[in-house]
Amino acid sequence: MDYKELADLIFPNAKEISYYEELYPERNLSEGAKVTRFAPSPTGFVHIGSLFVSLIDKKLAKQSNGTFLLRVEDTDQKREVEGGVQGILDALKDFGLQVDEGVVSEKEEIGKYGPYLQSKRKEIYQAYAKDLISKGLAYPCFCTAEEIEEKRLTQENAKIRPGYYGVWAKCRNLGIDNMVEKINNGEKYIIRLKSPGREDKKIKHHDLIRGNIEFPENDQDIVIIKADGLPTYHFAHAIDDHLMKVTHVIRGDEWISSVPLHIQLFQVLGFKPPKYAHIAPLMKEEDGGKRKISKRKDPEAAVSYYHKEGIPEDAVTEYLLNIANSNFEEWRRANPEKSTDEFELALNKMGVSGALFDIVKLLDVSKNVISKYSKEKIYEDSLKWAKAYDAELKTVLENDKDYAIRILGIERGIEKPRKDIAKLSDIKYSMEYMYDDIFDKQSNYEFQKVSDEKEIKQILEKYVENYFDISDDKQMWFDKMKDLAEELGYAREVKLFKKEPEQYKGHIGDISMVLRVVITKRQNTPDLYEIMQILGKEKVQKRINNYLNK
RNA sequence: GGCCCGUUGGUCAAGCGGUUAAGACACCGCCCUUUCACGGCGGAGUCAUGGGUUCGAUUCCCGUACGGGUCACCA
């Protein structure tokens, strides 16, 4: 018997590989166009690191007029979770990372290089595995899990490199007849690559991010087809990225040590290898040290966390871009209004060691992003967020849309907008005192410098009696505040007070603070004039009376 | 442990043979301001370590320490 017959015995129904080579022709793309792919496995929530990688995939494809595709790597049925694919789709959609090709919903896909669900590509992998077997480049292995484990222990005890290679690759030299016999006897087996590599030889690899790296060649006879007939990651990666004509493989740097294997696989299969870019992981600080953000321990590892917190997706995107290329910040300052789509991302500007994911900085980015929103946009976004996470806020926003928009519009849309909202979940706090039912329930007034009740009441009485007129424009209102201050023995300008503090009881700021606290029960609020305008005459009057009569 | 990779202020980082070692976040101070915020100005704070190479090393080489990744029929 020869290899050809062995291959036929193992995969009797597999097609010739020429069939697939013809089925998937070269892409007709312009010079320099990059084909990238996001290839997650649906094993749980989408990790912020995966999002980071796919953001880079998307940008690279887009800025080169290439193609960004989504391939789902569902070859491990044991780890697969329900709704995993939908979660991936939702994350991409939320972050505006539409794919040009690949899986687009739980049931549909678009593009000519599919299927894009690895579980549906079983016959393709098997065809290539069969081809390898028929050429003597792969072979069935009958070792049991226990045998392998035992081998590993032996190797460890003897302090030699563990693995299935060289003399340890027992089934490699079984002989075709023995293999056939075992198969005919119904013994279970998997398919291994017959690695042509030698550990004492080096392979050079040029990584788009990490530069030149040298590794020992791979000499492990790794598994390519598992007992369930599905391929391992490595084998699927080589076949899929070849057949889908992926030019640039962007992935987390936990893969970098597999590069020798992958390049070998491409060579054995007769494929041209893609270019690789290995991205450093996002880290988190813990006890003064750094560690990779962990799915299990860190809520912020899940992209859904940002959604829940109300941190806008575009803020997360900006922050991630900033980690990717630190010149992004400079670009943003020079182009405050441009879409991040216009930022040109460069792989060689990416850092090689893991960056700490800094929530404080993210929030700062988020403040800036939100400060540029129009009042209508922030209303819509807040409402959308509230519908999902805050029923009370939702009611408030919906009850009187115009009123809410006016509140959200305070000091917004101007050259130097307020930057006190970092996430949509801050909205409630920032507007609730504008609503009587909530205001009335709020706790006591906390004054600053002027806290004597008699004095406060006098200020209020004078204000209502001589100065309060809701139809005043801002300048008039302010001038009247100054007059009021003067009348009561306070300086009408802070400067005057600073010059001769002993001459006055205080200054205009102290008077304003009294009014602010009485009207809002807050010491920190945006522009008081605007607040009063939005509340209107009755409410302002009522709030003042509330205090006077309490 | 083997193999890869890395280490610039608290954090993200630019620089990569000669620089007062950029910038951003955070922090502190001052100014502006009716408060807060914004904005403006200023401050403190860094090249892991030991050896080389060199007229000169943050930048190049070697060692050490520390950190990360990886060594599955998981991706």
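# A tour from the RNA strand into the protein

Start by selecting RNA strand B: of the 53 residues around it, Glu 73, Arg 210, Lys 226, Glu 329 and Phe 478 come nearest. Colour the atoms of the RNA that come within 4 Å of the protein, and you'll find that sugar and phosphate account for 72% of them. Keep in mind as you click around that this is a predicted model.

**Stop 1: the surface around the RNA**

Keep the residues near RNA strand B selected and colour them by class. You should get 19 nonpolar, 10 polar and 24 charged residues. Now switch on the cartoon. Which helices and strands each supply at least two residues of this surface? They are strand 6, strand 8 (211–216), strand 13 (289–292) and strand 14 (355–356), plus helix 12 (328–334), helix 13 (359–371), helix 20 and helix 22 (508–520).

**Stop 2: three polar contacts with the RNA**

Next, zoom in on Asp 76. An N or O atom in the Asp 76 side chain is 3.0 Å from a sugar or linking oxygen of RNA strand B. Then hop to Tyr 233, where a backbone N or O atom lies 3.2 Å from a phosphate oxygen of the RNA. Finish at Lys 419: here a polar side-chain atom lies 3.4 Å from a phosphate oxygen of RNA strand B.

**Stop 3: Ser 371, in contact with Lys 419**

Stay with Lys 419 and add Ser 371 to your selection. Setting aside neighbours within four places in sequence, Ser 371 is in contact with Arg 412, Pro 417, Arg 418 and Lys 419. You'll find Ser 371 in helix 13. Is Ser 371 buried or exposed? Its relative accessibility is 5%, so it counts as buried. Now draw a distance from the Ser 371 side chain to the backbone oxygen of Asn 368, and you should read 2.8 Å.

**Stop 4: a three-stranded sheet**

Now go back to strand 6, one of the elements that supply the surface near the RNA. Show it with strands 5 and 9. These 3 strands form an open sheet in the order 5-6-9, with antiparallel pairing. Why is one side of strand 5 (138–141) and of strand 9 (223–225) left without a neighbour in the sheet? Both stand at the edges and each has a single partner strand, so one side of each stays unpaired there. Turn the view and look along the sheet: the twist averages 45° from one strand to the next.

Let's look at how the strands are joined. Strand 5 is linked to strand 6 by 4 bridges, and Cys 141 stands opposite Ile 190 in strand 6. On the strand 9 side, 2 bridges make the join to strand 6 (residues 190–193). Find Arg 192 there, opposite Val 223, and Ile 191, whose bridge partner is Ile 225.

Now show the side chains of strand 6. In a regular strand, side chains alternate between the two faces of the sheet. Ile 190 and Arg 192 are on one side, Ile 191 and Leu 193 on the other, and all are buried, leaving both faces covered.

**Stop 5: Ala 491, in a loop**

For the last stop, select Ala 491, which lies in the loop between helix 20 (474–487) and helix 21 (494–499). Ala 491 is buried, with a relative accessible area of 0%. Add Tyr 504, which is 13 residues away along the chain: the two C-alpha atoms are separated by 6.0 Å. Beyond neighbours within four places in sequence, the contacts of Ala 491 are Ala 485, Leu 496, Phe 497, Tyr 504, Gly 506, His 507 and Ile 508.

Conventions: Residues are numbered from 1 along each chain as its sequence is written. Chains are lettered from A and ligands numbered from 1 in the order in which they are written. This is a predicted model: local features need pLDDT of at least 70, side-chain atom pairs count only at pLDDT 80 or more; totals for chains, interfaces and linings use all residues. Side-chain values use heavy atoms; hydrogens and water are left out. Two strands pair if DSSP finds at least two bridges between them. Axes are lines fitted to C-alpha atoms, for helices over the stretch in contact, and angles run from 0 to 180 degrees between N-to-C directions. Buried means under 20% relative accessible area, exposed over 50%, partly exposed in between (1.4 Å probe, protein chains only). Contact means heavy atoms within 4.5 Å. A residue is near a molecule or strand if one of its heavy atoms lies within 4 Å of it. A polar contact is a pair of N or O atoms within 3.5 Å; within protein, one must be able to donate a hydrogen and the other to accept it, and residues adjacent in sequence count only if both atoms are side-chain atoms. Ala, Val, Leu, Ile, Met, Phe, Trp, Tyr, Cys and Pro count as nonpolar, Asp, Glu, Lys and Arg as charged, and the others, Gly among them, as polar.
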